[in-house]
Amino acid sequence: MRAVTIRPETRALADDVSRFRRGDSDASERLARTASRLALRTAAAIVGNREEAGDISQDVAVDVLRSLHRLREPEAFEGWVHRITVRHALRSLRRRRATNARETPLALLAELDEPTTAGATDPS
């Protein structure tokens, strides 16, 4: 049977998860920064907008810290953050599509359908 080699970065993240669970605030900060950095790359690739990806990465960092107690294998931290990020990014895309579907550009409105201003004469 082959031995599984764990990268030093993965081991360090797993150690930070353990420290976080014991209440270490420095570990909390490192995990939040790492989650945000990982999420930014993934979200930017999915949504195609750096500003929106930044918002998503912040949301992911908060979610990661809130739900870190549910992570069963600390060595899987990066993959776990990736899955959370994908869910957030896809949710953001769905919201964007729904908003775009509800909005009608003024140029596409018929002249009679345009709202009139107060005091304007009625064209009919």
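Biologist: Is phenylalanine 77 buried or exposed?

Modeller: In this predicted model, the relative accessible area of phenylalanine 77 is 0%. A residue counts as buried under 20%, so phenylalanine 77 is buried.

Biologist: How does tryptophan 80 count, as buried or exposed?

Modeller: The relative accessibility of tryptophan 80 is 12%. The cut-off for a buried residue is under 20%; tryptophan 80 therefore counts as buried.

Biologist: What kind of aromatic pair do phenylalanine 77 and tryptophan 80 form?

Modeller: The count of aromatic pairs comes to one. In the pair of phenylalanine 77 and tryptophan 80, the centres are 6.3 Å apart and the angle between the planes is 50°. Planes under 30 degrees apart would count as stacked and over 60 as edge-to-face, so this pair is tilted.

Biologist: In which helix do phenylalanine 77 and tryptophan 80 lie?

Modeller: Residues three or four places apart in an α-helix point the same way, because there are 3.6 residues a turn. Phenylalanine 77 and tryptophan 80 are three residues apart, about one turn, and both belong to residues 77-102, helix H4.

Biologist: Which helix supplies the largest share of the lining of the largest pocket?

Modeller: The largest pocket has a volume of about 160 Å³, and its lining includes Trp80, Arg83 and Asp63. Helix H3 (50-67) and H4 each supply at least two of the lining residues. The largest share, six residues, comes from H4.

Biologist: How many residues of the lining of the largest pocket are charged?

Modeller: Among the lining residues are Asp63, Arg70, Arg87 and Arg91, together with Ser67, Ile84 and His88. The lining divides into two nonpolar residues, two polar residues and a charged group of five.

Biologist: What span should the 14 residues of helix H1 have?

Modeller: Helix H1 covers residues 8-21, and its expected span rests on 1.5 Å a residue. The end C-alpha atoms of H1 are 20 Å apart, which agrees with the expected span of 20 Å.

Biologist: Where on helix H1 do its buried residues fall?

Modeller: The buried residues of H1 are Thr10, Leu13, Ala14, Asp16 and Val17. Seen down the helix axis, they fall within an arc of 155°, so they line one face of the helix.

Biologist: How does glutamate 9 count, given its 46% relative accessibility?

Modeller: Glutamate 9 lies in helix H1. Its C-alpha is 9.5 Å from that of glutamate 75, although the two are 66 residues apart in sequence. Buried means under 20% and exposed over 50%; at 46%, glutamate 9 therefore counts as partly exposed.

Biologist: Which pattern does the protein follow along the sequence?

Modeller: Buried residues make up 30% of the 124 residues in the protein. The secondary structure comes to four helices and zero strands. Read along the sequence, the pattern is α-α-α-α.

Definitions and conventions:
Residues numbered from 1 in each chain as written. Predicted model: local features only at pLDDT ≥ 70, side-chain atom pairs only at ≥ 80, totals over all residues. Heavy atoms only, no water. Phe/Tyr/Trp six-rings, centres within 6.5 Å; stacked < 30°, edge-to-face > 60°. Buried < 20%, exposed > 50% of the residue type's maximum accessible area, 1.4 Å probe, protein only. 1 Å grid on protein atoms, 1.4 Å probe; cavity = no way out; pocket = protein on both sides within 12 Å on 5 of 7 lines; lining within 4 Å. Points joined across faces, edges and corners; volume = space filled by probe spheres on them. Nonpolar A, V, L, I, M, F, W, Y, C, P; charged D, E, K, R; others polar. Expected span 1.5 Å × (residues − 1). Arc of directions from axis to C-beta.
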